[in-house]
Amino acid sequence: MKALLCTEFAPYHQHKIVETDAPIIRKGHVRIAIKAAGVNFPDILMVQGQYQVKPPFPFIAGAECAGIITELGEGVSHLKTGQRIAALPGVGCFAEEAVVPAEICVPISDKMSFEEAAGFVMVYATSYHALKDRSDIKPCETMLVLGAAGGVGLTAVELGKLMGLNIIAAASTQEKLEVCKEYGADHGINYTSEDLKARVREITGKGADICYDPVGDKFTEPALRSLKWGGRHLVIGFAGGEIPKVAFNWMLLKELDVRGIHWGAWIPRNPKAHMENMMELMQMYEQGKIKPRVSGTHKLEDFADAMRALEERRVMGKVVLTMG
Ligand SMILES: NC(=O)c1ccc[n+]([C@@H]2O[C@H](COP(=O)([O-])OP(=O)(O)OC[C@H]3O[C@@H](n4cnc5c(N)ncnc54)[C@H](OP(=O)(O)O)[C@@H]3O)[C@@H](O)[C@H]2O)c1
């Protein structure tokens, strides 16, 4: 099969798609014929040796995918061959086949394309967990979303609106803010040309109740300072590069909460709640309440173009690779 096989860490564009052996089926696992794979920022970091997880060589890159089950390992009874599923094994998805634990397979709606499904699990489940399980949201509260047109950002806009929040989207271009409006944002702030804190105050009066922050870097400070008394700042990620360091007195002055979200580590501690969240998200999709945005598809061979688009902040929603 064809795969992005990493035998050493190197800049992503130096890696190659090669012919390699298909993985061997194992007890409790299923084989998937992969149809599409979502590309995420950690995929870029992982092949370059800059991610916290460093799999032993050789490994196949790619955290998440969607496809059809072609073989069941011993002991798997709740799935069947021919079934359409999405899965997020963390590695092994930039390939034509993968063998993944049966328990992480999420059956997908017949209405959902493989391209939509390939980029669905990580971004929707992260934002849903953040908003449902970690934010104590009340209807009509205001949430500021940074990097709002990015993978997780756009799902926070969409799900937040669905959960009754007023949404302020913050992004780097007008085009991105237009997409956020299509996904439910009530207001937009271009944080490369406008003063983030001043604009949030202008829109809300007293400040935002919640900030969803997947960007970090220089954006965290004005976002945190734009919160009102009792506000919650959700730490999602650091796509901007730097992990910000904040002064504790800001939390004291307005009784702010800073809440970390680590969806991947939450799942093994709460497998039942995670599956419930996935079922609820699939139901929302079935009912037409959420609409995954695929901003671009590339062939597996062109993985570097997809990674470059992410790196250059050109992706609005998800970028995916297609196989075969
Ligand atoms: N905590 C968790 O459980 C969890 C789960 C999933 C993902 N994450 C993390 O969340 C972060 C965002 O993931 P994502 O999938 O939304 O990524 P993404 O699709 O690349 O979006 C990130 C956004 O960050 C903004 N950005 C600002 N400076 C940037 C820079 N120098 N390079 C790239 N983007 C920059 C961009 O928006 P503008 O151009 O509008 O600024 C971009 O749209 C990542 O750090 C990821 O690891 C965390």
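Just after α6, Gly 205 takes a positive phi of about 85°. Helices (H or I, at least four residues) and strands (E, at least two) are DSSP runs, numbered from the N terminus. The model is predicted: local features need pLDDT of at least 70, side-chain atom pairs count only at pLDDT 80 or more, and totals for chains, interfaces and linings use all residues. Residues are numbered from 1 along each chain as its sequence is written.

Helix α6 spans residues 196–204, and Leu 196, Arg 199 and Val 200 are buried in it (20 or more other C-beta atoms within 10 Å of the residue's own, against 12 or fewer for exposed and in between for partly exposed, with C-beta atoms placed from the backbone). These residues lie on the same side of α6 because they cover an arc of only 100° around the axis, the arc being that of the directions from the helix axis to the C-beta atoms. Ala 198 and Glu 202, on the other side of α6, are exposed.

The domain assignment, automatic or from a database, gives domain 1 (2–120 + 292–322) and domain 2 (123–261). Their centres, taken over C-alpha atoms, are separated by 29 Å. Ten residues from domain 1 and ten residues from domain 2 make up the contact (C-beta atoms, placed from the backbone, within 7 Å).

The ligand is surrounded by 30 residues, the closest being Gly 147, Gly 150, Gly 151, Ala 171 and Gly 237; a residue counts as near if its C-beta atom, placed from the backbone, lies within 6 Å. Two or more residues of this shell come from each of α1 (41–47), α3 (121–134), α4 (151–162) and α9 (263–269). Domain 1 and domain 2 each supply at least three residues to the shell.

Technical notes
Two residues are in contact if their C-beta atoms, placed from the backbone, lie within 7 Å.
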